[in-house]
Amino acid sequence: MMKKFLTALGGFAFWGAVALVHAQTTSTAPAAAPVAELQAGFVKSVRGNVQLLSSAGTPRAASAGDALTAVDRIVTGPDSSAAVVLRDDTTLVVGPSSRLDLKEFHFNATTHEGGVLVSLLRGSMRMITGLIGKSNPDAIRVETQTATIGIRGTDFIVQTDGQP
């Protein structure tokens, strides 16, 4: 019974996060448009020690609600994890002892065109694709140290040990 309750609670939290992203991406306020273009998504949840590194290499501790840019790196410590939601509703869950680069993200909320390129340097991640993956599956790419894979589904897990 408790497991069903927690599953339902987690589902409500997920859909609340999706609604927040949808509200952020459909804003018509002129002042919000430049910020939305720079923001690829947001950190939905954090467990343990999670760092975000900017393209300049500046680290900052991640916390729920933090903005994620199109070129951030997510680093998780042992027994740590993070979930992020991108503007097209793609969800990435980064597992313990992982390094994930969001190398490219662009999305047009009107036409649903865009692209996602992530690089899993170490550890594991789960991806549930959003509007980009539904309208153009070829626009979703995941790189690892030893291979680049193209995804034809909407929900998958990738794991790498970081050793070539």
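**Notes on strand E6 and its surroundings**

1. Let's start in the middle of a strand pair: valine 85 sits opposite threonine 91 of E7. Bear in mind as you read that this is a predicted model. The pairing of E6 with E7 is antiparallel and runs over four bridges.

2. Now follow the chain round the turn. The hairpin of E6 and E7 has four residues between the strands, and aspartate 89 takes a positive phi there, near 80 degrees. You'll find aspartate 89 in the loop that links strand E6 (81-86) to strand E7 (91-94).

3. Is aspartate 89 buried or exposed? Neither, quite: its relative accessible area is 22%, so aspartate 89 counts as partly exposed, given that buried means under 20%.

4. E6 has a partner in E1 as well. Strand E1 (residues 39-47) pairs with E6 in the antiparallel sense, over six bridges. Within E6, leucine 86 has glycine 41 standing opposite. Glycine 41 also lies 8.6 Å from aspartate 89, C-alpha to C-alpha, although 48 residues separate the two in sequence.

5. How many of E6's residues are buried? Six of six, so the strand is mostly covered, buried being under 20% relative accessible area. In a regular strand, side chains alternate between the two faces of the sheet. Here both faces are covered: Ser81, Ala83 and Val85 are buried on one side, and Ala82, Val84 and Leu86 are buried on the other.

6. On to the interior. The largest nonpolar core has 26 residues, and Ile74, Val118 and Met125 are the ones with the most contacts inside it. Strands that each supply at least two residues of this core include E1, E6 and E7, along with strand E8 (99-107) and strand E9 (114-128). E9 gives the largest share of the core, five residues.

7. Valine 118 deserves its own entry. Leaving aside neighbours within four places in sequence, its contacts include Leu92, Leu100, Leu102, Met125, Met127 and Val142. The list isn't purely nonpolar on paper, mind you: Asp101, Lys103, Arg141 and Glu143 are among the contacts of valine 118 too.

8. Finally, the whole protein. The secondary structure comes to three helices and twelve strands. Of the 164 residues, 40% count as buried. Looking at contacts between residues at least 6 apart in sequence, 52% join residues at least 24 apart. The accessible surface is about 8900 Å², and carbon and sulfur atoms account for 59% of that.

Conventions:
Residues numbered from 1 in each chain as written. Predicted model: local features only at pLDDT ≥ 70, side-chain atom pairs only at ≥ 80, totals over all residues. Heavy atoms only, no water. Buried < 20%, exposed > 50% of the residue type's maximum accessible area, 1.4 Å probe, protein only. Contact = heavy atoms within 4.5 Å. Areas by Shrake-Rupley, 256 points an atom, 1.4 Å probe, with all protein chains shown as cover. Pairing = 2+ DSSP bridges. Core = buried A, V, L, I, M, F, W, Y, C linked by side-chain atoms within 4.5 Å.
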